[in-house]
Amino acid sequence: MSMTGNHKDSTITRRRALAVTGGTVAAGGLAVAGYQSAFADTAADDGASASASATSTSTSSSCMTLMTSVTEGPYYLDGALVRKDITEGKSGVPLTLRLTVVDATDGCTPVSGAAVEIWHCDAWGYYSGYTTANPGGSAPAESEDGSTADDDTYLRGYQIANANGVVKFETIFPGWYTPRTCHIHLKVHTGGQKEDGTYEGGKVNYTGQLFFPDGIAEEIFTLAPYSKHSGSYTTLDDDMVYGGGGTSSGLLTLKAVHKADPSKGYKGSITLGVDPDAENTGAGGGGGGGGTPPSGAPGDAPTGTPPSDAPSASASS
C-alpha cells in the first residue's frame with residue numbers, strides 16, 4: 001500500500017490555531033470525543049446521550065484534545081476489504097460502530113472520502129491471519145467455533161466516509177487476549193481509492209485503538225461464546241496501551257440495544273479528529289516498545305521487536 005502523498009503548507013492558520021488550543025499537534029494526531037447523536041447520518045444532536053463511560057463526554061465540535069498515534073499491534077494485514085459487515089459469520093454480541101472523521105486542524109470539518117480501516121479479534125481472542133496464535137488463558141481452538149469465516153479476512157474491513165465524515169461497521173464485540181484489554185485497532189487513510197474491493201494508495205494519517213468500559217466488557221464475557229475463554233482479563237487501568245483519558249484516549253461511547261439484555265448488542269460511537277496532512281507509519285507510535293511475540297504466528301509476522309500489545313507466548317491454551 002502506497003504511503004506517498006504531498007504535505008500542504010505547514011503554516012498554522014487562524015482556524016487551525018483555534019482548533020488546537022489546549023493540545024499539541026503531532027504527526028498522526030487524533031482528537032476523540034463522545035458522539036451523542038444516536039447514529040443519525042447527520043451531525044445534528046437528537047438529545048439521546050449514548051454515554052456508557054464514567055468520564056464526561058463532549059460533542060464532536062470540541063476537537064480540542066490531540067494525541068499521538070499508538071502501536072498498530074502485531075496483527076495487521078494489508079488488503080482488507082471495503083465492506084460494512086465484517087463478521088463473516090463469526091459469533092458474538094452484535095456491535096454497530098459509528099465513527100466520524102473530522103479535520104482537527106480546520107475547525108472539525110468532516111473529512112469526506114477518508115477511509116477508516118478496523119480489525120479486531122474474535123470472541124475467543126483470535127485474529128484472522130493469525131489463527132494459531134495463543135490468546136492466553138484457556139480457550140478452544142479457533143477452528144472449533146463452527147463458523148465458515150475466511151481465516152485471512154474475518155473481522156477486518158474498510159469503510160469510506162460520507163459527506164458528513166461518517167462510516168459505519170457491523171461487527172461483534174471483541175474478545176480479549178493476554179495481556180491486553182478489550183480493544184479494536186484502526187487506521188485512517190486519505191488520498192487513496194477503492195480498487196478491486198479494497199483500498200489502495202494514499203497515506204495513513206492515524207493509527208490507533210478503540211476501547212470499551214470495563215463493566216460492559218466483563219458482563220459480555222460472561223455470555224456465550226465468550227465464556228468459553230477463561231483466564232485473567234486485563235482491565236483498562238492495567239492495559240499497556242490505553243492512555244487513561246476516557247474518550248480522548250479512544251474509549252467508545254456505548255449504548256445498549258436492549259438495556260435488560262446485553263446479548264442483543266451495542267452501538268458504539270466516537271469522533272476521530274485527524275490531521276489530513278500528517279503521515280503515520282503505524283509501527284513506531286506511542287504505547288510501548290517491546291513485548292512478547294505471538295506464539296504460533298505465521299512466518300510473515302512483523303519482524304524485529306514486536307509492538308507492546310502482543311499476546312503472551314507462555315500462556316497455556
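Is Phe173 buried or exposed? Select Phe173 and find out: Phe173 is buried, with a relative accessible area of 0%. Keep that residue in mind, as the tour comes back to it. One caution before moving on: what you have open is a predicted model.

**Stop 1: the whole chain**

Zoom out and colour by secondary structure. You should find two helices and ten strands. Going along the sequence, the order of elements reads α-β-β-β-β-β-β-β-β-α-β-β. Now colour by accessibility: of the 317 residues, 53% are buried. Switch on a surface and you are looking at about 12,600 Å² of exposed area, with carbon and sulfur atoms supplying 49% of it. If you like contact maps, take the contacts between residues at least 6 apart in sequence: 79% of them join residues at least 24 apart.

**Stop 2: a four-stranded sheet**

Select β5, β4, β7 and β8. In that order these four strands form an open sheet, with antiparallel pairing. The edges are β5 (156-160) and β8 (198-211); each has a single partner strand, so one side of each has no neighbour in the sheet. Look along the sheet to see the turn between neighbouring strands, which is 25 degrees on average, direction ignored.

Start at the β5 edge. β4 and β5 run antiparallel and are joined by five bridges. To see one position up close, pick Glu117, which stands opposite Tyr158 in β5. Although β5 is an edge strand, four of its five residues are buried.

Then cross to the other edge. Strand β7 (residues 183-195) pairs with β8 in the antiparallel sense, over twelve bridges. Click His185 and look across into β8: the bridge partner there is Gln209.

**Stop 3: strand β10 and its partners**

Next, select residues 266-274, which make up β10; eight of its nine residues are buried. Add strand β2 (residues 94-103), which runs parallel to β10 and is joined to it by nine bridges. Asp103 has Val274 in β10 as its bridge partner.

Now add β9. This time the pairing with β10 is antiparallel, with four bridges. A handy residue to click is Leu254, which stands opposite Gly268 in β10.

**Stop 4: aromatic rings**

Hide the ribbons and show Phe, Tyr and Trp side chains. There are 13 aromatic pairs in the structure. Begin with Tyr127 and Tyr177: the ring centres are 5.6 Å apart and the planes stand at 75 degrees, which is over the 60-degree cut-off, so the pair is edge-to-face. Tyr127 sits in the loop between β4 (115-119) and β5, while Tyr177 sits in the loop between β6 (166-172) and β7, so the pair ties together parts that are 50 residues apart in sequence. Tyr127 counts as buried at 1% relative accessibility, and Tyr177 is buried with a relative accessible area of 1%.

Back to Phe173, this time together with Phe221. Their ring centres are 6.4 Å apart and their planes are at 80 degrees, so this pair is edge-to-face. Phe173 belongs to the loop between β6 and β7, and Phe221 to the loop between α2 (214-220) and β9 (253-256), 48 residues apart. Phe221 is buried, with a relative accessible area of 11%.

Which residues do ring pairs link with Phe173 into a cluster? Select Trp176, Phe212, Phe221, Tyr226, Tyr233 and Tyr266 along with Phe173, and you have the cluster on screen.

**Stop 5: lysines over rings**

Two lysines are worth a click here. The charged end of Lys90 sits over the Tyr154 ring, 4.2 Å from the ring centre. For Lys187 the ring belongs to Tyr76, and the charged end sits over it at 4.8 Å from its centre.

**Stop 6: an exposed aspartate**

Finish at Asp152, in the loop between β4 and β5. With 52% relative accessibility, Asp152 counts as exposed. What does Asp152 touch, not counting residues up to four places away in sequence? Show its contacts and you get Leu77, Ser128 and Gly129. For a last distance label, connect the C-alpha atoms of Asp152 and Gly79: they are separated by 9.9 Å, while the two residues are 73 residues apart along the chain.

Conventions: Residues numbered from 1 in each chain as written. Predicted model: local features only at pLDDT ≥ 70, side-chain atom pairs only at ≥ 80, totals over all residues. Heavy atoms only, no water. Pairing = 2+ DSSP bridges. Axes fitted to C-alpha atoms, helices over the stretch in contact; angles between N-to-C directions. Phe/Tyr/Trp six-rings, centres within 6.5 Å; stacked < 30°, edge-to-face > 60°. Buried < 20%, exposed > 50% of the residue type's maximum accessible area, 1.4 Å probe, protein only. Lys NZ or Arg CZ within 6 Å of the ring centre and 35° of its normal. Contact = heavy atoms within 4.5 Å. Areas by Shrake-Rupley, 256 points an atom, 1.4 Å probe, with all protein chains shown as cover.
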